[in-house]
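Here is a set of short exercises for you to try with the model open in your viewer. Work through each task on your own, then compare your steps with the solution below it.

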Amino acid sequence: MVTKVRKPSHAGSWYTDNPKQLSEELEGWLNSCGLTKSSDVRGVIAPHAGYSYSGRAAAYAFGNIDPSNIKRVFLLGPSHHYYTPKCALSTATVYKTPIGDLPIDLEVNEQLKATGKFETMDIRVDEAEHSMEMHLPYLAKVFEGHPVKIVPILVGAVSAENEAMYGQILAQFVDDPTNFFSISSDFCHWGSRFNYMHYDKKHGPIYKSIEALDKMGMDIIETGDPDSFKKYLSEFDNTICGRHPISVFLHMLMNCSSKIKVKFLRYEQSSQCHSTRDSSVSYASAAAKVDDSSSS
């Protein structure tokens, strides 16, 4: 089999390409969030901005992972530059990071391809996209010493019907505890440069209004209901760039036999907006955990 490498194209700009420095940075963030690893955590939602912006927030997602019996990580990220109404699989066989390589599970890739519902993305599209790459160093760090394969899925501008369809296809993998899901999304992109300036004055300063809007979305995601999330998005149009991966994930959780609940553990903003000249991006980290409390 020919090895086809996806290079860490954003290393050296969005995060350091110095392995020692990167490793220490990630360890520092993971240690400082003080989370207890749990094998009940079966997925995360985490941001994908440059590490100087969202590296610390992301640790509150990745710090929950107990790598001991996970063999495979499905990675769902939005497409920022390439338009497709479908989900796309990678043509690479390995994703490189400065601190270790993550091989792609070619068997599962073929299984998904056989459904006829996925396209494949060109390596140039793959390397231009940052949404999944920004999760890779964290995964390489958390799974150090534990062999793991990845299944990267680029989620395009997918319709509501197709979000449900992809959720149904992928739901079969959720019930196997050796599978894990890493969902990539930032939250509100606010300011004229993002063409989004929703402001509800009752919350006080702009940044508080942004927080209220994001928290409303986070609460709805925690209910696990993709239709409510859709309604929220159509009403407020919040610029959550990973809306499609999150929706697919909610459909997966709805269609599997395990009872898994999403809980947000951290919320940050890149800066505080006080005037219409300001801009910010919000970062939220969540863990999706097996819920034993309900017997229904």
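The exercises below concern a predicted model, and each comes with a worked solution.

**Exercise 1. Cysteines**

Task: Find how many disulfides the whole structure holds, and explain the result for Cys87 and Cys241.

Solution:
- Start with the search over the whole structure, which finds zero disulfides.
- Next take Cys87: the nearest cysteine sulfur belongs to Cys241 and is 15 Å away.
- The cut-off for a disulfide is a pair of cysteine sulfur atoms within 2.5 Å, so Cys87 is in no disulfide.
- Then look at Cys241, whose sulfur has its closest cysteine sulfur in Cys188, at 10 Å, which is too far for a bond.
- Finally, check the surroundings of Cys87: this residue is buried, with a relative accessible area of 1%.

**Exercise 2. The largest pocket**

Task: Describe the largest pocket by its volume and its lining.

Solution:
- The volume comes to about 290 Å³.
- The lining is made up of 17 residues, and those nearest the centre of the pocket are Ala49, Asp186, His189, Phe194 and Val281.
- Sorted by character, the lining has six nonpolar, nine polar and two charged residues.
- Strand 12, residues 280–290, gives the most to this lining, with three residues.

**Exercise 3. The cavity**

Task: Which residues line the largest cavity, and how do they divide by character?

Solution:
- The search of the whole structure finds one cavity of 30 Å³ or more, and the largest cavity has a volume of about 30 Å³.
- Its lining consists of Arg6, Tyr95, Asp126, Glu129, Met132 and Glu133.
- Of these lining residues, two are nonpolar, none are polar and four are charged.

**Exercise 4. A sheet of three strands**

Task: Work out the strand order of the open sheet of three strands, and name its edge strands.

Solution:
- The order is 1-5-6, and the pairing is mixed.
- Strand 1 (5–6) and strand 6 (100–103) are the edge strands, as each pairs on one side only.
- Strand 5, residues 94–97, runs antiparallel to strand 6, and four bridges join the two.
- For one bridge partner, take Lys96: its partner in strand 6 is Asp101.

**Exercise 5. Two residues and their contacts**

Task: Is Thr120 buried, partly exposed or exposed, and what about Ser209?

Solution:
- Thr120 belongs to strand 7, residues 118–121, and is partly exposed, with a relative accessible area of 37%.
- Leaving out residues up to four places away in sequence, Thr120 touches Ala88, Leu89, Thr91 and Lys113.
- The C-alpha atoms of Thr120 and Ala61 are 28 Å apart, with the two positions 59 residues apart along the chain.
- Ser209 sits in helix 7, residues 206–223, and is buried, with a relative accessible area of 2%.
- With the same sequence neighbours left out, Ser209 touches His198, Tyr199, Asp200 and His203.

**Exercise 6. Positive phi**

Task: Where in the chain are Asn195 and Asp237 placed, and what are their phi values?

Solution:
- As background, most residues other than glycine have a negative phi.
- Asn195 has a positive phi, near 60 degrees, and lies in the loop between strand 10 (189–190) and helix 7.
- Asn195 is exposed, with a relative accessible area of 73%.
- Asp237 also has a positive phi, of about 55 degrees, and is placed in the loop between helix 8 (226–236) and helix 9 (243–255).
- Asp237 is partly exposed, with a relative accessible area of 44%.

Key: Residues numbered from 1 in each chain as written. Predicted model: local features only at pLDDT ≥ 70, side-chain atom pairs only at ≥ 80, totals over all residues. Heavy atoms only, no water. Buried < 20%, exposed > 50% of the residue type's maximum accessible area, 1.4 Å probe, protein only. 1 Å grid on protein atoms, 1.4 Å probe; cavity = no way out; pocket = protein on both sides within 12 Å on 5 of 7 lines; lining within 4 Å. Points joined across faces, edges and corners; volume = space filled by probe spheres on them. Nonpolar A, V, L, I, M, F, W, Y, C, P; charged D, E, K, R; others polar. Pairing = 2+ DSSP bridges. Contact = heavy atoms within 4.5 Å.
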